[in-house]
Amino acid sequence: MKIKAVISDIYTTLIDVRTDEEDKDVYRRLASYLKYHGVYLSADELKWFFFEKKALQKKQSKEPYPEADYRRLWYDILRENQYAYSGPDIDKSSIVPDIAKLHRALTVERIRLYRGVYETLAGLKPRYRLGIVSDSQVDHAYPELRMLGIHDFFDAIVVSAEFGFRKPDVRLFSECLRRLGARPEESVYVGNDTMRDIKGAKDAGMVGVLIMTKHGKKDRDIVAPDFTIEYIGQLNEVLGELEKR
């Protein structure tokens, strides 16, 4: 069996991350920063608007697995509170992505690569086309992949917020395959959740590899993975077995 592409989830598959978007101190710090940009909203107002807009985006979506877009969320908060905003032109400045990045930075409590991730990707890169399909935000995934030194390993990165829907929607997997120029039957997907990752990958026609990190559903009644690994370094054994078929 010829394998052309290896695609992976990011968070709690390659990157061990812990965040807390509920932490009131996040919004206190963010409100303080925004005052320097002419945004005069309290911490409580910012937090309320954030969760209200996030819920509203998903409620208004017609997708079965809706995804919020944090850039649009912060844009709407500024636009709808003109009385509180006197900073640079929202459409012409970088204030919206800057707010999205700062909000993320303030919510992150821990972020690091899992054991063996860098070495495994470095070994796979010369042999396969590598891709990402992630339920994430543009201002989270791209900077954090760069921050941890693995962004340039990937030939295609598909982030759910750019599409408005999340895994297991097969369109995300199909888009990554399209960008990689690979067919489903010659592609492997690695993720930590049987519903979002393995179901989506297998519905798209790919080989599904479940990685047993502490996070994500591992319910095999949802769908059975083709392979199970304990850590990312074992992926080489899976690929070797597939190549022999």
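Good morning. In strand E8, Thr228 is the bridge partner of Leu210. I begin with that pairing and work outward from strand E7. Please keep in mind throughout that this is a predicted model.

Strand E7 and strand E8 run parallel, and three bridges join them. Strand E7 also pairs with strand E6, residues 187–191, again in parallel, through four bridges. One of the partnerships between these two strands is that of Gly191 with Leu210 in E7. Leu210 therefore appears twice as a bridge partner, with Gly191 in one case and with Thr228 in the other. Between E6 and E7 the chain passes through helix H8, residues 194–203, and the β-α-β crossover formed in this way is right-handed.

How many residues of E7 are buried? Five of the five are, so the strand is largely enclosed by the rest of the structure. As a general point, side chains in a regular strand alternate between the two faces of the sheet. In E7 both faces are covered: Val207, Val209 and Ile211 are buried on one side, and Gly208 and Leu210 are buried on the other.

Next, the loop that follows this strand. Pro225 lies in the loop between strand E7 (207–211) and strand E8 (227–229). Is Pro225 buried or exposed? Its relative accessibility is 11%, and because buried means under 20%, Pro225 counts as buried. Beyond its neighbours within four places in sequence, Pro225 is in contact with Ile198, Gly208, Leu210 and Arg220. Two of these residues, Gly208 and Leu210, are the buried pair on one side of E7. By C-alpha positions, Pro225 and His215 are 16 Å apart in space, with their positions ten residues apart in sequence.

I turn now to the aromatic residues. A search of the whole structure finds nine aromatic pairs. One of them is formed by Tyr27 and Phe50, a tilted pair with 6.1 Å centre to centre and 50 degrees between the planes. This pair links distant parts of the chain, as Tyr27 belongs to helix H1 (residues 24–35) and Phe50 to helix H2 (residues 43–60), 23 residues apart. Both Tyr27 and Phe50 are buried. What is the geometry of the rings of Phe50 and Phe51? Their centres are 5.0 Å apart and their planes stand at 90 degrees, so this pair is edge-to-face. The two residues can also be described by accessibility: Phe50 is buried at 0%, whereas Phe51, with a relative accessible area of 25%, is partly exposed. Ring pairs connect Tyr27, Phe50 and Phe51 with Tyr70 and Trp74 in a cluster.

Two rings also have an arginine over them. The charged end of Arg104 sits over the ring of Tyr11, 5.3 Å from the ring centre. For Arg115 and Tyr231, the charged end of the arginine again sits over the ring, and the distance to the centre is 4.0 Å.

Some points of backbone geometry deserve a place here. Where is there a cis peptide bond? A cis peptide bond joins Lys167 and Pro168, with omega at about 15 degrees. Pro168 is in the loop between strand E5 (156–159) and helix H7 (170–180). Thr12, a residue other than glycine, has a positive phi near 60 degrees. Thr12 is in the loop between strand E1 (5–8) and strand E2 (15–19), and it is buried, with a relative accessible area of 12%.

Another loop residue is Leu148, found between helix H6 (138–147) and strand E5. Leu148 and Arg112 are 36 residues apart in sequence, yet their C-alpha atoms are 7.1 Å apart in space. Setting aside neighbours within four places in sequence, the contacts of Leu148 are Ile15, Ile111, Arg112 and Leu113.

I close with the domains. The domain assignment gives domain 1 as 5–18 + 112–244 and domain 2 as 20–109. Their centres, taken over C-alpha atoms, are separated by 29 Å. Which numbers of residues meet between the domains? On the side of domain 1, 21 residues are in contact with 16 residues of domain 2. Thank you.

Key
Residues numbered from 1 in each chain as written. Predicted model: local features only at pLDDT ≥ 70, side-chain atom pairs only at ≥ 80, totals over all residues. Heavy atoms only, no water. Phe/Tyr/Trp six-rings, centres within 6.5 Å; stacked < 30°, edge-to-face > 60°. Buried < 20%, exposed > 50% of the residue type's maximum accessible area, 1.4 Å probe, protein only. Lys NZ or Arg CZ within 6 Å of the ring centre and 35° of its normal. Contact = heavy atoms within 4.5 Å. Pairing = 2+ DSSP bridges. Right-handed = clockwise from strand over helix to strand, strands pointing away. Domains from an automatic or database assignment.
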